[in-house]
Structures are given as C-alpha cells and as structure tokens.
Amino acid sequence: RVIILAPSHYADFNGVAVTPAHYRTPLGGVKLDPLVSELATHPPFAFRPKALVEAPPWASRRGLSSHDPRPDTYEHSLEVQLPFLQVGLGEFRLVPLICGRVDPKVVADVLAKRFGPQDVVIASSDLSHYHPYEVARALDLECVRRIRELDIRGMQQQEACGKTPILVLMHLAQQFDWEPILLSYQNSGDTSGRKEGGVVGYAAIAFCERSTAKSS
C-alpha cells in the first residue's frame with residue numbers, strides 16, 4: 001500500500017482531499033486501497049472538501065477544463081509519482097491524498113494509527129523555485145538539512161511547495177523513529193545544463209527504520 005501526500009497547486013481548501021478517482025498511466029491502471037474510503041470519514045480528510053479551484057493556463061489548451069473542478073482535477077504532484085512506483089514496485093494499492101490548509105501533525109496522527117509494516121508513504125514536492133543557481137543550492141541544502149535533522153520548526157520556514165506533505169512525513173518519522181537519508185540532490189540547472197536564470201531544486205530522501213539505515 002502506497003500513501004502519497006501531495007501539495008495543492010490549483011485549489012485552496014481546508015483539510016486533506018481523498019481522491020476516489022482511478023488512475024491510469026501508459027504503464028497500466030493503479031488500484032485504490034480500501035483505506036481511501038475509511039479515511040474519507042475521518043476529519044480532516046474528506047472526499048470533496050469545499051474548494052476554490054483555479055484552472056491552470058494549460059488546461060483549456062489541452063481540453064481539460066472542468067465545470068465541476070475538485071482539488072485533484074488539475075493536480076500533477078501526485079500523478080508524477082505513479083510511473084516510478086509502477087516500475088519500482090509493480091503491483092501496489094494507492095491511497096492518493098492532496099493536502100490543503102491543514103495541521104501536518106493532525107494528519108500524521110490519523111495516518112500513524114493505520115500504518116502497517118507493508119505500507120510506504122511518499123511526500124511529493126519540489127524544493128526552491130526560480131532562484132539563481134548558487135542561491136538555489138544554498139536554499140535547497142538548508143531545506144534538506146532541516147529534513148534530515150527532523151527539525152519541524154525549521155522546516156516550516158522553508159520554500160518547498162510540498163512543505164505540508166514533507167512535514168506530515170517528518171512527524172511520522174518522529175513517531176516511528178525513522179532516519180532520513182539523502183539519496184540525491186540536484187536542480188534543473190544540473191539536469192538541463194542551463195544554469196543561467198532561475199532553476200528548480202529537487203531531492204530524494206528516504207526515511208528508514210534506524211536499524212535498517214545503519215546496516216545499509
């Protein structure tokens with residue numbers, strides 16, 4: 001079971017939107033886990049929280065505009081994780097969650113009561129956005145440091161668009177004694193070679209049981 005915590009880029013709402021939609025990528029369909037229906041009955045989770053949704057400019061150009069938009073209608077931050085999971089895990093059951101205005105600790109406390117040994121939690125986020133290359137590196141590495149130190153207060157001051165999902169994961173890490181391990185950091189200047197102008201930062205950080213982390 002994979003629980004994905006994603007930020008909301010186009011919808012302003014309170015709580016956590018539980019997505020009942022069935023996802024499909026070119027690699028195939030993704031099954032939902034029964035936890036989806038269970039969570040929707042526990043505030044701050046809800047199937048359709050009241051939301052102010054602003055369609056992105058690309059939606060109408062691609063014929064994707066909706067007369068009844070939901071928090072998940074245009075949200076990409078959850079979907080981009082799915083192909084990686086399909087390649088890495090093969091079959092899995094998905095719990096798709098989009099975070100609005102919500103206390104990360106409250107979300108973590110609800111999830112912790114339902115978290116099992118075969119579950120995976122993913123927090124989807126970029127890091128800094130559109131700063132000069134060296135400025136971006138400094139901001140991003142400071143953000144990574146706060147995550148690795150499980151510094152909740154320090155992380156609250158960071159720029160990452162998925163700050164709320166990351167904070168939920170950090171609260172879970174504190175409860176379950178997980179150790180954050182940096183796997184990789186780069187920004188778009190490293191991957192594209194275009195370091196002039198603004199870049200966007202990315203990192204992969206694994207949260208592992210401390211016994212597992214030490215053995216690796």
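**Close-up views of a predicted model**

**View A. The salt bridge between Arg70 and Asp72.** Arg70 is partly exposed, with a relative accessibility of 27%. The structure shown here and in the following views is a predicted model. The side chain of Arg70 meets that of Asp72 in a salt bridge, at 2.8 Å from N to O. Asp72 has a relative accessibility of 10% and therefore counts as buried, the limit for that class being under 20%.

**View B. The salt bridge between Arg114 and Glu38.** The closest N and O atoms of Arg114 and Glu38 are 2.9 Å apart. Arg114 belongs to the loop between helix 4 (104–112) and strand 9 (120–123), whereas Glu38 is part of helix 1 (residues 35–39), so the pair ties together parts of the chain that are 76 residues apart in sequence. Glu38 is partly exposed, its relative accessible area being 37%. In the model as a whole, the count comes to 13 salt bridges.

**View C. The salt bridge between Arg210 and Asp177.** For this pair the closest N and O atoms are 2.7 Å apart. Because Arg210 lies in helix 9 (residues 210–215) and Asp177 in the loop between helix 7 and strand 11, the contact ties together parts that are 33 residues apart in sequence. Both partners are partly exposed: Arg210 has a relative accessible area of 32%, and Asp177 has a relative accessibility of 43%.

**View D. A network of salt bridges.** Glu142, Arg145, Arg146, Glu149 and Asp151 are joined into one network by salt bridges that share partners.

**View E. An open antiparallel sheet of 3 strands.** The strands follow the order 10-12-11. Strand 10 (129–131) and strand 11 (178–187) form the edges; each has a single partner strand, so one side of each is left without a neighbour in the sheet. From one strand to the next, the twist averages 40 degrees. Strand 10 is joined to strand 12 (residues 199–209) by 2 bridges, and these strands run antiparallel. In this pairing, His131 stands opposite Val199 of strand 12. Strand 11 and strand 12, also antiparallel, are joined by 9 bridges, and Trp178 faces Glu209 of strand 12.

**View F. Helices packed on the sheet.** Helix 7 (residues 163–176) lies across strand 11 and strand 12 and runs at about 150 degrees to strand 11. The sheet described above is twisted, by an average of 40 degrees from one strand to the next. Helix 5 (residues 133–148) packs on this sheet and touches strand 10, strand 11 and strand 12. The direction of helix 5 makes about 170 degrees with that of strand 11.

**View G. The crossing of helix 4 and helix 7.** The axes of helix 4 and helix 7 come within 8 Å and cross at roughly 50 degrees. Helix 4 is therefore oblique to helix 7. The crossing of helix 4 past helix 7 is right-handed. On the side of helix 4, the residues in contact are Pro104, Lys105, Val107, Ala108, Asp109, Leu111 and Ala112. These meet Thr164, Leu167, Val168, His171, Leu172, Gln175 and Phe176 of helix 7.

Technical notes
Residues numbered from 1 in each chain as written. Predicted model: local features only at pLDDT ≥ 70, side-chain atom pairs only at ≥ 80, totals over all residues. Heavy atoms only, no water. Pairing = 2+ DSSP bridges. Helix = DSSP H or I, 4+ residues; strand = E, 2+ residues; numbered from the N terminus. Axes fitted to C-alpha atoms, helices over the stretch in contact; angles between N-to-C directions. Contact = heavy atoms within 4.5 Å. Salt bridge = Lys/Arg side-chain N within 4 Å of Asp/Glu carboxyl O. Buried < 20%, exposed > 50% of the residue type's maximum accessible area, 1.4 Å probe, protein only. Parallel < 35°, antiparallel > 145°, perpendicular 65-115°, else oblique. Left-handed = near helix turned anticlockwise from the far one by under 90°.
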